[in-house]
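This report takes up pockets, cysteines and a strand hairpin in turn. Please keep the sequence and the coordinates at hand while reading.

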Amino acid sequence: MAESTDLEELRRGTDLIKRGFARMQKGGVIMDVVDPEQARIAEDAGAVAVMALEAVPADIRKRGGVARMADPADVEEIIEEVSIPVMGKARIGHTKEAQILEAVGVDMIDESEVLTPADDAYHIDKRDFTAPFVCGARNLGEALRRIGEGAAMIRTKGEAGTGDVNQAVHHQRTIKGEIRKLEGMTHEEREAYAREIEAPAELVHETAEMGRLPVVNFAAGGIATPADAALMMHHECDGIFVGSGIFGAEDPVAMGEAIVNATNNWDDPEALAEISKNVGKGMKGDANVDLPEEEKLQGRGV
Amino acid sequence: MSLVAGVVAVQGDVSEHADAIRRAGEAHGEDVTVREVREGGIVPDCDLLALPGGESTTISRLIHDEGIADEIVAHVDAGKPLLATCAGLIVASSDPRDERVDELGVIDVTVERNAFGRQRDSFEAPLSVDGLEGPFPAVFIRAPAIDEVGEAEVLAEFDGRPVAVRDGPVVATAFHPELLPDDRIHRLAFFAESAGGDARSR
């Protein structure tokens, strides 16, 4: 019989625990939900976590105005409803919204460009939190600055609420391309590159040595079909966020299950063909090329 | 002799287990080929199997949909080693006490999901494990605990609750030995003499 361990020696909120949580989400689909009923549907469909928010990005886009953190009472109801992790969105730079979400007990905080930024110069100092953070990025500089601030997971920004996967692909290709460039550089070239992309040099070297971001890298922003999810896995994302794509679809149950199955079978075209059949219409969406520059969310929080 | 190790890869921290198995194999002078298991038909070719951490509801649904679940049970029935960590422990148990998880019943324990709380309660602590010299750096992430131990042997406890067990060819932990370079749990599960051969007959 083993000895019991001293409770005094335990540690919480370390980088290992925060990044470890993100690793447990790999290969999974995280779904946006606005109420307990949607959260239940997402869990039954096989989601690894739900993102609790007041309105899905497509509705935020339509509605306009200031988009803020969800009501903590609504987040609590969702936490009560499901056994999988619950994430919540805070405005960029809004330390208090993040603290409130942490106090409510969310398992990960998304410091998100989908909400209206609270600070036009600084992001939240995420190192101060016990809860892990995920942040969006369009390129390697943004990704490494967020990791330097304490983010435990990076997701592509894509263009949220559009149902157009184009920008998620663009951001993931950009990040992977920059990492490939980095791998061929000497130490001093990497130092210079770190200054050029305004990223912490230490993280630039770590990324070059690993040949990937030092934290889990999900896809987000415009994923609307099983094939979209498979495409982002093909581009070496570790997993998928689906915002408006599930509950904006004609049949959210069928779409949710199909996107989970497609994420697992991303490299099996025959399985993907079966999975993609009869899932109903995807969200209508807006093509990125038609979107006026001032309506794009991805430029928020660089 | 070359060994084939399967890592159930429908969801979870798959590459971490693959790396830990390669390191452990190397330390024991074994030539190990690691295969990711996303569909049925691969497990029967595997000598060793890992069921990783992740979300037990997701893993449970996908291994049943993909025809992997029965193959894991057959693997264990044949006396071949299985290491199940965190969500893997829940899925492999005889009773997860949650209808959202369809269990495999290859370890004779009942478990409580998220027994130590939510992510803010997740922790790391040095743990004394039977069969290992010196404490093991254990990382518990929204971890389950073991409630009732039937035929299984308890290898470690935390706060008075079993968190690592052995049941025949299966070793299961509530924590994540795959997250750190210390590969002693993988060696214990896969390459220690007691874990090889027909462990069920012990």
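How many nonpolar, polar and charged residues does the lining of the second largest pocket have? In this predicted model, the lining of the second largest pocket has 6 nonpolar, 5 polar and 6 charged residues.

**The two pockets**

The second largest pocket has a volume of about 260 Å³, and among its 17 lining residues Ala58(A), Asp59(A), Lys62(A), Gly161(A) and Met283(A) lie nearest its centre. Two or more residues of this lining are given by each of helix 3 (57–63) and helix 11 (244–247) of chain A, and helix 3 of chain A contributes the largest share, 4 residues.

The largest pocket holds about 660 Å³ of space. Of the 27 residues that line the largest pocket, those nearest its centre are Lys26(A), Arg212(A), Cys237(A), Asp238(A) and Ser15(B). The elements that each give two or more residues to this lining are helix 7 (166–183), strand 8 (216–218) and helix 12 (252–264) of chain A, together with helix 1 (14–27) of chain B. Helix 1 of chain B gives the most, with 3 residues, and by class the lining of the largest pocket divides into 12 nonpolar, 6 polar and 9 charged residues.

**Cysteines**

Cys237(A), one of the residues nearest the centre of the largest pocket, is also of interest for its sulfur. The table sets it beside Cys135(A).

| Residue | Closest cysteine sulfur | Distance | Relative accessible area |
|---|---|---|---|
| Cys135(A) | in Cys237(A) | 16 Å | 1% |
| Cys237(A) | in Cys135(A) | 16 Å | 5% |

Why does the sulfur of Cys135(A) form no bond with the closest cysteine sulfur? A disulfide requires two cysteine sulfur atoms within 2.5 Å, and the sulfur of Cys135(A) is 16 Å from that of Cys237(A), which is therefore too far for a bond. Cys135(A) is buried, and Cys237(A) is buried as well. Over all chains, the count comes to 0 disulfides.

**A hairpin in chain B**

Strand 10 (residues 153–158) of chain B is mostly covered, with 5 of its 6 residues buried. Strand 10 of chain B pairs with strand 11 (residues 161–167) of chain B in the antiparallel sense, over 5 bridges, and Glu157(B) stands opposite Pro162(B), which belongs to strand 11 of chain B. The hairpin formed by strand 10 and strand 11 of chain B has 2 residues between the strands, and in this hairpin Asp159(B) takes a positive phi near 50°.

Methods
Residues are numbered from 1 along each chain as its sequence is written. Chains are lettered from A and ligands numbered from 1 in the order in which they are written. This is a predicted model: local features need pLDDT of at least 70, side-chain atom pairs count only at pLDDT 80 or more; totals for chains, interfaces and linings use all residues. Side-chain values use heavy atoms; hydrogens and water are left out. Buried means under 20% relative accessible area, exposed over 50%, partly exposed in between (1.4 Å probe, protein chains only). Two strands pair if DSSP finds at least two bridges between them. On a 1 Å grid over the protein atoms alone, a cavity is a set of points where a 1.4 Å probe fits but cannot get out, and a pocket is an open set with protein on both sides within 12 Å along at least five of seven lines; lining residues have an atom within 4 Å of a point. Grid points are joined across faces, edges and corners, and a volume is the space filled by probe spheres set on the points. Ala, Val, Leu, Ile, Met, Phe, Trp, Tyr, Cys and Pro count as nonpolar, Asp, Glu, Lys and Arg as charged, and the others, Gly among them, as polar.
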